[in-house]
Amino acid sequence: MDTALLLCCFLLLLTLYEHRQQQRVYLIRQIASKRRKGANPMTEIVKNYIGLDCLIYTMNSQLTGVIKTVEGNWITVDNGNSVEAVNLDYVIRIREHPKNGKGKKKSIVLD
């Protein structure tokens, strides 16, 4: 492989990595500034989903389960095997688990 091509690929990957790191730092700073200003409006929105089977998208992962409680800035999610606590500062999107025409949960969810 040509050395110049290898160097260009390396620089491209390095640039993409730096861009992702900058995005994370920006999001963390936004979250910190919201905390200083007051309550998170997401808590009021999540209260509508208590008891429903939901898909919860965070910055790094996706959770599926029933939202049990909303306390402060945390929610508890029961996924059948365990109960998890999720900080609402890192939740990007919440939606009810989609159902097919017969009312059963879809096995594949494409976003």
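Student: Leu 11, buried or exposed?
Tutor: Neither extreme. Leu 11 counts as partly exposed, at 43% relative accessibility. Keep in mind that this is a predicted model.

Student: Which element is Leu 11 in?
Tutor: Leu 11 sits in helix H1, which covers residues 3-37.

Student: And what is Leu 11 part of on the surface?
Tutor: A nonpolar patch of about 390 Å². Leu 7, Phe 10, Leu 11 and Leu 14 make it.

Student: OK, zoom out. How many helices and strands does the chain have?
Tutor: Two helices and five strands. Starting at the N terminus, the order is α-α-β-β-β-β-β.

Student: How much of the chain is buried?
Tutor: The chain has 111 residues, and 23% of them count as buried.

Student: What about the exposed area?
Tutor: The chain exposes about 8,400 Å². Carbon and sulfur atoms supply 57% of that area.

Student: And contacts between residues far apart in sequence?
Tutor: Take the contacts between residues at least 6 apart in sequence. Of these, 44% join residues at least 24 apart.

Student: New topic. How many disulfides?
Tutor: The count is zero. Take Cys 9, which is in no disulfide. The nearest cysteine sulfur belongs to Cys 8 and is 7.0 Å away.

Student: Why does 7.0 Å rule that pair out?
Tutor: Because a disulfide needs the two sulfur atoms within 2.5 Å. The sulfur of Cys 8 is 7.0 Å from that of Cys 9.

Student: Is Cys 9 buried or exposed?
Tutor: In between. Cys 9 is partly exposed, with a relative accessible area of 36%.

Student: And Cys 54, buried or exposed?
Tutor: Cys 54 is buried. Its relative accessible area is 0%.

Student: Now charges. How many salt bridges?
Tutor: The count is one salt bridge. Glu 44 pairs with Lys 47 in a salt bridge. Their closest N and O atoms are 3.7 Å apart.

Student: Where is Lys 47?
Tutor: In the loop between helix H2 (42-46) and strand S1 (53-58).

Student: How accessible is Lys 47?
Tutor: Lys 47 is partly exposed, at 43% relative accessible area.

Student: How far is Lys 47 from Lys 68?
Tutor: In sequence, 21 residues. In space, 9.6 Å from C-alpha to C-alpha.

Student: Let's do the strands. Where does Trp 74 lie?
Tutor: In strand S3, residues 74-78. Trp 74 is partly exposed, with a relative accessible area of 44%.

Student: What does Trp 74 touch?
Tutor: Leaving out residues up to four places away in sequence, Trp 74 touches Thr 69, Ala 85, Val 86 and Asn 87.

Student: How far apart are Trp 74 and Val 86?
Tutor: Their C-alpha atoms are separated by 5.6 Å. Along the chain, the two are twelve residues apart.

Student: Which residue stands opposite Trp 74?
Tutor: Asn 87, in S4.

Student: How do S3 and S4 run, and how many bridges join them?
Tutor: They run antiparallel, and five bridges join them. S4 spans residues 83-87.

Student: What do S3 and S4 form together?
Tutor: A hairpin, with four residues between the strands. Gly 80 is in the turn and has a positive phi of about 100°.

Student: Where do side chains point in a regular strand?
Tutor: They alternate between the two faces of the sheet.

Methods:
Residues numbered from 1 in each chain as written. Predicted model: local features only at pLDDT ≥ 70, side-chain atom pairs only at ≥ 80, totals over all residues. Heavy atoms only, no water. Buried < 20%, exposed > 50% of the residue type's maximum accessible area, 1.4 Å probe, protein only. Patch = residues over 30% accessible without salt bridge, like charges linked within 9 Å, V, L, I, M, F, W, Y side chains within 5 Å. Areas by Shrake-Rupley, 256 points an atom, 1.4 Å probe, with all protein chains shown as cover. Salt bridge = Lys/Arg side-chain N within 4 Å of Asp/Glu carboxyl O. Contact = heavy atoms within 4.5 Å. Pairing = 2+ DSSP bridges.
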